[in-house]
Amino acid sequence: MKCWERFAVEGLTCVVTGAASGIGLAYAEVMAEAGAKVTLLDIDGELLHEQVTRLAAQGLDVHGDVVDATDRSAMYACFERIGERYGRLDVVFANAGIDSGPGFLDSDGQRCTQGALENLEEAHWDKVLATNLTSVFTTLRAAVRLMKPKGSGRIIVTTSNAAMINEAIVGTPYMPAKAGAASLVRQAAMELARFGINVNAIAPGPFVTNIAGGRLRNPADRAAFALRVPQHRIASTEEIKGLALFLASPAASYVTGAQIVIDGGMMYGRVD
Ligand code: NAD
């Protein structure tokens, strides 16, 4: 087999959570375009229907299911249906996530009352942790039930560079939630290696998506964030597809427990 042939994912069954928009949609697109059978899961039924219809019209093998990734029983039932439909699950992207509102500083460096620790609403903390951490746990469990009997599988979790660096202008719950997801990836990778299941994380920096109300589509916010990236720009979701394909493919057979940062160098700080 030629090395490049090991990037093939044709015929694999794949599930993506938070697949109707942004990074999750890019994962679903690249997998389906490369010949995988992709189930897109999202809480937003209208957007999901729109995207699944668009991809199906291109002749891609896609299916959509409306499900809230924080609803455990709905998720387990959904994965059971996926198991019945395809008889196996090869690749799952645990990607659903939300932003966490204002941080303790505004983007102009002023203290933000709403984002201060003592003012953060407990319900807000609970929602961010439920979506960005606990839903990853649920997705992993649901996927492992289908992958373990086959002795193979790929689990890819979208964390963030905020799992490793702390941020003043991002709402405080986001960082511990993503750091927790990154830790869960390493823990699951250790446990599942002997069952042929690789577990890895993709840790993006700023990408233009609909997160935070599409904040990075706004030219002023975009410019402010770009200044913090050594490449001096915000990424397009097209730029995450190659990494997603790699981690899902046989080419990544010896990669497990890794968190691959894709952030234009932002982790290393501002360079003028
Ligand atoms: P997005 O808002 O464009 O897409 C997120 C999708 O997830 C949406 O379709 C939304 O409906 C869905 N979703 C939200 N809550 C859900 C739930 N409970 N159940 C099912 N679906 C749900 O955002 P994005 O930027 O593409 O975010 C995808 C992932 O990437 C998130 O985990 C986010 O934290 C992470 N991330 C994004 C960036 C960035 O700059 N865009 C940077 C680092 C990490």
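**Overall fold and ligand site**

In this predicted model, the chain is built from eight helices and seven strands. Along the principal axes, its C-alpha atoms occupy a box of roughly 55 × 40 × 40 Å. The radius of gyration of the chain is 18 Å; because a compact globule of 272 residues would have a value near 19 Å, the chain agrees with that expectation.

The ligand is located in the largest pocket. Its surroundings comprise 29 residues, and the closest of these are S21, D42, A69, Y174 and T209. Sorted by class, this shell contains twelve nonpolar residues, 13 polar residues and four charged residues. Two helices can be named among the contributors: α1, spanning residues 22–33, and α5, spanning residues 174–192, each provide at least two residues of the shell.

Individual polar contacts with the ligand involve both backbone and side-chain atoms of the protein. On the backbone side, a polar atom of A69 lies 2.8 Å from a nitrogen atom of the ligand, and a polar backbone atom of I43 is found 3.3 Å from a ligand nitrogen atom. A side chain takes part at T209, where a polar atom is placed 2.6 Å from an oxygen atom of the ligand. The ligand taken alone would expose 830 Å², of which the protein buries 91%.

Note on methods
Residues are numbered from 1 along each chain as its sequence is written. This is a predicted model: local features need pLDDT of at least 70, side-chain atom pairs count only at pLDDT 80 or more; totals for chains, interfaces and linings use all residues. Side-chain values use heavy atoms; hydrogens and water are left out. A residue is near a molecule or strand if one of its heavy atoms lies within 4 Å of it. A polar contact is a pair of N or O atoms within 3.5 Å; within protein, one must be able to donate a hydrogen and the other to accept it, and residues adjacent in sequence count only if both atoms are side-chain atoms. Accessible areas come from the Shrake-Rupley method with a 1.4 Å probe; for residues, only the protein chains shown count as cover. On a 1 Å grid over the protein atoms alone, a cavity is a set of points where a 1.4 Å probe fits but cannot get out, and a pocket is an open set with protein on both sides within 12 Å along at least five of seven lines; lining residues have an atom within 4 Å of a point. A molecule sits in a cavity or pocket if more than half of its atoms lie within 2 Å of its grid points. Helices (H or I, at least four residues) and strands (E, at least two) are DSSP runs, numbered from the N terminus. Ala, Val, Leu, Ile, Met, Phe, Trp, Tyr, Cys and Pro count as nonpolar, Asp, Glu, Lys and Arg as charged, and the others, Gly among them, as polar. The radius of gyration is taken over C-alpha atoms; the globule rule is 2.2 Å times the number of residues to the power 0.38.
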